[in-house]
Amino acid sequence: MKEDNCLHAALICLGMLYYSHAITTEKLNHARPSLHGHHEKGKEGQVLHRSKRGWVWNQFFVIEEYTGPDPVLVGRLHSDIDSGDGNIKYILSGEGAGIIFVIDDKSGNIHATKTLDREERAQYTLTAQAVDRNTNRPLEPPSEFIVKVQDINDNPPEFLHENYHANVPERSNVGTSVIQVTASDADDPTYGNSAKLVYSILEGQPYFSVEAQTGIIRTALPNMDREAKEEYHVVIQAKDMGGHMGGLSGTTKVTITLTDVNDNPPKFPQSVYQMSVSEAAVPGEEVGRVKAKDPDIGENGLVAYSIIDGDGMDMFEITTDYETQEGVVKLKKLLDFETKKSYSLKVEAANVHIDPKFISNGPFKDTVTVKISVEDADEPPVFLKPSYIFEVQENAASGTVVGKVHAKDPDAANSAIRYSIDRHTDLERYFFINAEDGNIKTMKALDREEIAWHNISVFAVEVHKQHQEAKVPVAIKVIDVNDNAPKFAAAYEAFVCENARSNQQFMTISADDKDDSANGPRFIFSLPPEIIHNPNFTLRDNRADNTASVLVRREGFSRQKQDLYLLPIVISDGGLPPMSSTNTLTIRVCGCDSNGSLLSCNAEAYILNAGLSTGALIAILACIVILLVIVVLFVTLKRQKKEPLIIFEEEDVRENIITYDDEGGGEEDTEAFDIATLQNPDGINGFIPRKDIKPEYQYMPRPGLRPAPNSVDVDDFINTRIQEADNDPTAPPYDSIQIYGYEGRGSVAGSLSSLESATTDSDLDYDYLQNWGPRFKKLADLYGSKDTFDDDS
């Protein structure tokens, strides 16, 4: 605003200077009598010459939009006969006289009393008169003149329309003319640059541009695709003063629509369509529909369908529904379920109109296999669609809804329908279906890289007629998510020459990504940050073809120092979010000739010179193995060593029969070998220590009872040893009165204790032991008869 005020003031000053110059010019040139050589005849034929008069006026100038405090001086009328005594009166008449323009009748000064607008009126025509003040007699003839309103830049450019609409074909060449916009400026085009316009684009780059002088909008980018973006909004500015600073401007909006061209071929969304038809169907009846998707519109998207192959060409036909752009498969002849139960068709979809400019994008057609199963005329349930296509994201949680199928009973009974999945088509049980409403859901996470399409079949069975069932194919597309990191396309193993030069390329690598192309390439190859300045090798990403080159960073390698290098390489994909993996490239140092041809990559010669030979290493390893075998055999034999069956005289085996004196705790002994049951019940709450009694005399075993050392009768040998131990009171463990004196309460048998039985008289009779068998023979011999005992002693 401040700049506009300054500019306005400057223009007013220029106008005033121009006005002063104009006044001077008028006085000198125009405010002069026009009768330069007018001749009049005097008396007696004398020719008189009329002198010049300064009265005839042509034009004055006044600047528009003047807003000063005083009226603007337009000019001054003056007659040569005016001597300045005030006897001459100046009169002004004509357009705006007395209203817009007023005159001082004495001085002849003309002033403008109102602000003038050149765009409203550019000039005024006035008439000047000089009369005698007293008599009103004309002293000068009337002189007509023009007051011109001088222009200033007070009007911004205005476009003819506030909004423009234009169309341009998609994929047009750069510079294609779209539309011309025109602006006008109400200022004077003949004076200065107030009406000189320059066009520029404010919004719409980089897609469009505008010519500065003409306002023609042109395309600025090649191959703009309508299928990607159809409509663009462009803002164009027109600025006066030749586009310089301080000029006024105006804008307009241009909506540009890309019109369609046939640059996309039709594509079937699936490779196989499953359909079914009853054998009771009549010719002309619709079997099913297929549809090839074409993103083009209008006549460019028109698709025609035809059957080009298959065993059902004679039985079926296909027509095109141009409203829905679908191929309608219809029955051509009567079917016989018992004769043939299924047919196969190969259907082609092709564009009707093909643009020769884009023929290289072709072929503008696609094919699909249609499999038609013939159903028995037993009126099974009928699905509302011949096939279903659903989509679900991979890795979706279990229980995610995939889609819904619906079938109905064509019979009048209209029986309820129950749904199920044909498990032969879903062996891994990825999906389950709600038997009531036909909603299909996932049972576990799906992996697009493993199976991109799941083609399952869904059964619909009548509740009251289990044999009445229908089956519909359901194609489930698994939508890709970026869940796989790119990896090396192969198991690379690179070789570099010892005499390699710096920056020499010796390997080109590429990558594979199991994800879809949208989440895969383009690949980005790089070295990990920690080895970005690897002194040996470097990596160059060949962005154009998704490969990378491995180069040598330094000159010269030595197999003797290091014959193998491992170079980690990070590969990132173009998915959202991106995924990356680190792959290791194995690089071997090889010997090469001067031409870089590979000679040998074996570093064995260097290794053998630096250490032991191969034969020496093998001999050392063989010795170690033999020693280990000897040690294992020695340990094994030692563990398997057994005691001899015959014990010699010098061996003491008393420790081996110590447990034979434990007779148990009687009927109350409920825990085997529990010493607590052998204690006296009266002292069970207190601790009674064992008090063994060591005999004071030594017992010498009878030599006659010992068998010969070489005896092979082991049983007799053991029995003899037991008998000697039982009769040896000096052999530990010694008898304890506390243990053997109590055998428990409630025993129906008498005590079997042998305490003092050999030295005291006993009233007990043990003759019944003779009748207890061979196991009690020893006891019977010891305690069976006092006489026998006396005889032996």
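In which helix does Leu 621 lie? In this predicted model, Leu 621 belongs to helix 3, which comprises residues 614–639. Its relative accessible area is 54%, and the residue therefore counts as exposed, the threshold for that class being over 50%. Leu 621 is also one member of a nonpolar patch on the surface, in which it is joined by Ile 620, Ile 624 and Leu 628, and the accessible area of these residues together is about 390 Å². Cys 623, by contrast with the exposed class, has a relative accessible area of 48% and is therefore assigned as partly exposed.

The cysteine pairs were examined next. A disulfide is a covalent bond between the sulfur atoms of two cysteines. Two disulfides are present in the structure, and when the bonded cysteines are counted along the chain, their connectivity follows the pattern 1-3, 2-4. One of them is formed by Cys 497 and Cys 592, with the sulfur atoms 2.0 Å apart. This pair links distant parts of the chain, since Cys 497 is located in strand 36 (residues 493–497) and Cys 592 in strand 42 (residues 580–592), 95 residues apart. The torsion about the S-S bond of Cys 497 and Cys 592 is about -80 degrees, so that the disulfide is left-handed. Both Cys 497 and Cys 592 are buried.

The other disulfide is formed by Cys 590 and Cys 601, whose sulfur atoms are placed 1.7 Å apart in the model. For Cys 590 and Cys 601 the torsion about the S-S bond is about 100 degrees, and the disulfide is therefore right-handed. Cys 590 lies in strand 42, whereas Cys 601 is found in the loop between strand 43 (598–600) and helix 2 (604–610), so the pair ties together parts that are eleven residues apart in sequence. With regard to accessibility, Cys 590 is buried, at a relative accessible area of 0%, while Cys 601 has a relative accessibility of 25% and so counts as partly exposed.

Attention then turned to the pairing of strands. An open sheet of three strands shows antiparallel pairing and has the order 4-7-6. Strand 4 (72–76) and strand 6 (101–103) are the edge strands of this sheet, each pairing on one side only, and from one strand to the next the twist averages 30 degrees. Between strand 4 and strand 7 (residues 109–112), the antiparallel pairing extends over four bridges; within this pairing, Gly 75 has Ile 110 of strand 7 as its bridge partner.

A further set of antiparallel pairings involves strand 16 (residues 216–219), which is joined to strand 12 (residues 177–180) by three bridges. Here the bridge partner of Ser 177 is Arg 218 in strand 16. Strand 16 also pairs in the antiparallel sense with strand 15 (residues 208–210), again over three bridges, and Val 210 has Ile 217 of strand 16 as its bridge partner. Strand 15 and strand 16 form a hairpin with five residues between the strands, in which Gly 215 takes a positive phi near 80 degrees.

Note on methods. Residues are numbered from 1 along each chain as its sequence is written. This is a predicted model: local features need pLDDT of at least 70, side-chain atom pairs count only at pLDDT 80 or more; totals for chains, interfaces and linings use all residues. Side-chain values use heavy atoms; hydrogens and water are left out. Two strands pair if DSSP finds at least two bridges between them. Helices (H or I, at least four residues) and strands (E, at least two) are DSSP runs, numbered from the N terminus. Axes are lines fitted to C-alpha atoms, for helices over the stretch in contact, and angles run from 0 to 180 degrees between N-to-C directions. Patches are made of residues with over 30% relative accessible area and no salt bridge: like charges are joined within 9 Å, nonpolar side chains (Val, Leu, Ile, Met, Phe, Trp, Tyr) within 5 Å. Accessible areas come from the Shrake-Rupley method with a 1.4 Å probe; for residues, only the protein chains shown count as cover. A salt bridge is a side-chain nitrogen of Lys or Arg within 4 Å of a carboxyl oxygen of Asp or Glu. Buried means under 20% relative accessible area, exposed over 50%, partly exposed in between (1.4 Å probe, protein chains only). A disulfide is a pair of cysteine sulfur atoms within 2.5 Å.
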